[in-house]
Amino acid sequence: YLFLLIWGNGLLSQKSYFQQEVNNIIKVRLDDISNTLTAEIQIEYINHSPDVLDKIGIHLWPNAYSSKQTAFCKQKILQRDLEFYDAPNEQLGKISGLDFEINGIKAKLESDSKNPDMAWLMLPFPLLPEERISIVTPFNVKIPKTFSRLGHVNQTYQITQWYPKPAVYDRKGWHLMPYLDQGEFYSEFGRFEVQICLPRNYVVGATGVLQNNEEKAFLNERIEESSLAIKQKVNLFSNKIPSSKEFKTITYIAEQVHDFAWFADKAFYVQKGEAILNSGKKVETWAMFNYNEYWFKAIQYLNRSIKFYSDLVGEYPWPQATAVESALSAGAGMEYPMITVIGNEASFRSLDNVITHEVGHNWFYGILASNEREHPFMD
């Protein structure tokens, strides 16, 4: 009886469940000569907690690649992987140019003395429960060589963990953490509207739903060219062609997700399909890859995966799912909401396995948003 009394009192003393809301509008331009991003982000932060906040934890994860003293570098050394440690400075990356304003008032950013990829944004006034603020800042990213997830290999781009990102605030407090080369990322849900400006002849795969009819026509043309090349078994596209001097701006919108990633490659083959769920809902499926016969059946693997998990776990909640083949130095694949990146796979079976595994993370991480830094087994 005494145990039940103590346990019951413990439950009463806990805060009831809440979840913060973070909505993002990002405008970004890719310079594929200097391998840099120039961007601006507008964050609507809504405090659904019962607490008054005086600061917000901010992840600056591109700074994980800024020096040889970061948590990421130390982790790679412990793993006996010295590629990043031995890399010349010109191959490193960082985020810079930050100048935060909150509701139009200048706000101070206090960096963590030991972790350059962690910081505190000091609020110029208390943020009360159920109040919202607008956080705005420009930022620049020097894209590192691909040592982990964010990066580039020549003129192919893997743009992940790339923008200033508020840390999760929950019943346990703030979850501000350095970037590591493992697990997924505990993050807040919200809406993303992302405008990407880049040379016109790049193919882009991204979180969210493409909004531009002109870009849809460009992709449809690439699908026709890809299908003919696959049928004839010829390698039609190359990253060695010059980038277009003309730029395009394409927009993606994603609802109720906790991250946004995008991949750009001039040599992508493109295939499109559709997964039809038991409810009748139709999910667009996309495969983007370099010339690789194992990927010729990727749409089949995607469709089957989406239907498999929808039947046995719960219906896929978003309008599209994309798999891209791109550089990756952190395991066989990595998932983000609505999009997964797969590294080099050496057989139809292994590609099928990895796509199915990574698509599954749209449920067990994408929907549940589990904290794998605290519970690594959930990966």
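In this predicted model, Glu325 stands opposite Ile342 in strand S24. The strands involved are S22 and S24 (residues 339-342), which pair in the parallel sense over four bridges. S22 also has a parallel pairing with strand S21 (residues 282-289), and five bridges connect these two. Within that pairing, Ala287 stands opposite Ala323 in S22. Between S21 and S22 the chain passes through helix H4, and the resulting β-α-β crossover is left-handed.

The burial of S22 can be described face by face. In a regular strand the side chains alternate between the two faces of the sheet. One side of S22 carries Gln320, Thr322 and Val324, the other carries Ala321, Ala323 and Glu325, and all of these residues are buried. Because six of the six residues of S22 are buried, the strand is largely enclosed by the rest of the structure. Glu325, the residue opposite Ile342, is thus listed among the buried residues of S22.

The strand pairings are collected below.

| Strand pair | Sense | Bridges |
|---|---|---|
| S21 and S22 | parallel | five |
| S22 and S24 | parallel | four |
| S7 and S8 | antiparallel | four |
| S3 and S12 | antiparallel | two |

Just before S22, the loop between H4 and S22 (320-325) contains Val313. Val313 has a relative accessible area of 43%, which means that this residue is partly exposed, the class between 20% and 50%. Val313 also belongs to a nonpolar patch on the surface, together with Phe308, Leu312, Phe364, Ile367 and Leu368. The accessible area of the patch residues together is about 570 Å². Two helices, H4 (298-312) and H6 (362-367), each supply at least two residues of this patch.

After S24, Ser347 lies in the loop that leads to helix H5 (348-360). Ser347 is partly exposed, with a relative accessible area of 27%. Its side chain reaches the backbone nitrogen of Ser350 at 3.0 Å. Asn235 is 112 residues from Ser347 along the chain, and the C-alpha atoms of the two residues are separated by 19 Å.

A separate group of strands forms an open sheet of four, in the order S7-S8-S3-S12, with antiparallel pairing. S7 and S12 (165-166) stand at the edges with a single partner strand each, so one side of each has no neighbour in the sheet. At one end of the order, S7 (residues 108-111) and S8 (residues 118-127) pair over four bridges. A hairpin of six residues joins S7 to S8, and Ala119 in S8 is the bridge partner of Ser111. At the other end, S3 (residues 53-59) and S12 pair over two bridges. There, Pro166 in S12 is the bridge partner of Ile58.

Helix H2 spans residues 71-78, and its buried residues include Ala71, Phe72, Cys73, Gln75 and Lys76. Following H2 is Arg80, which has a positive phi near 65°.

How values were computed
Residues are numbered from 1 along each chain as its sequence is written. This is a predicted model: local features need pLDDT of at least 70, side-chain atom pairs count only at pLDDT 80 or more; totals for chains, interfaces and linings use all residues. Side-chain values use heavy atoms; hydrogens and water are left out. Patches are made of residues with over 30% relative accessible area and no salt bridge: like charges are joined within 9 Å, nonpolar side chains (Val, Leu, Ile, Met, Phe, Trp, Tyr) within 5 Å. Accessible areas come from the Shrake-Rupley method with a 1.4 Å probe; for residues, only the protein chains shown count as cover. A salt bridge is a side-chain nitrogen of Lys or Arg within 4 Å of a carboxyl oxygen of Asp or Glu. Buried means under 20% relative accessible area, exposed over 50%, partly exposed in between (1.4 Å probe, protein chains only). Two strands pair if DSSP finds at least two bridges between them. A crossover is right-handed if, with the strands pointing away from the viewer, the path from the first strand over the helix to the second runs clockwise. A polar contact is a pair of N or O atoms within 3.5 Å; within protein, one must be able to donate a hydrogen and the other to accept it, and residues adjacent in sequence count only if both atoms are side-chain atoms.
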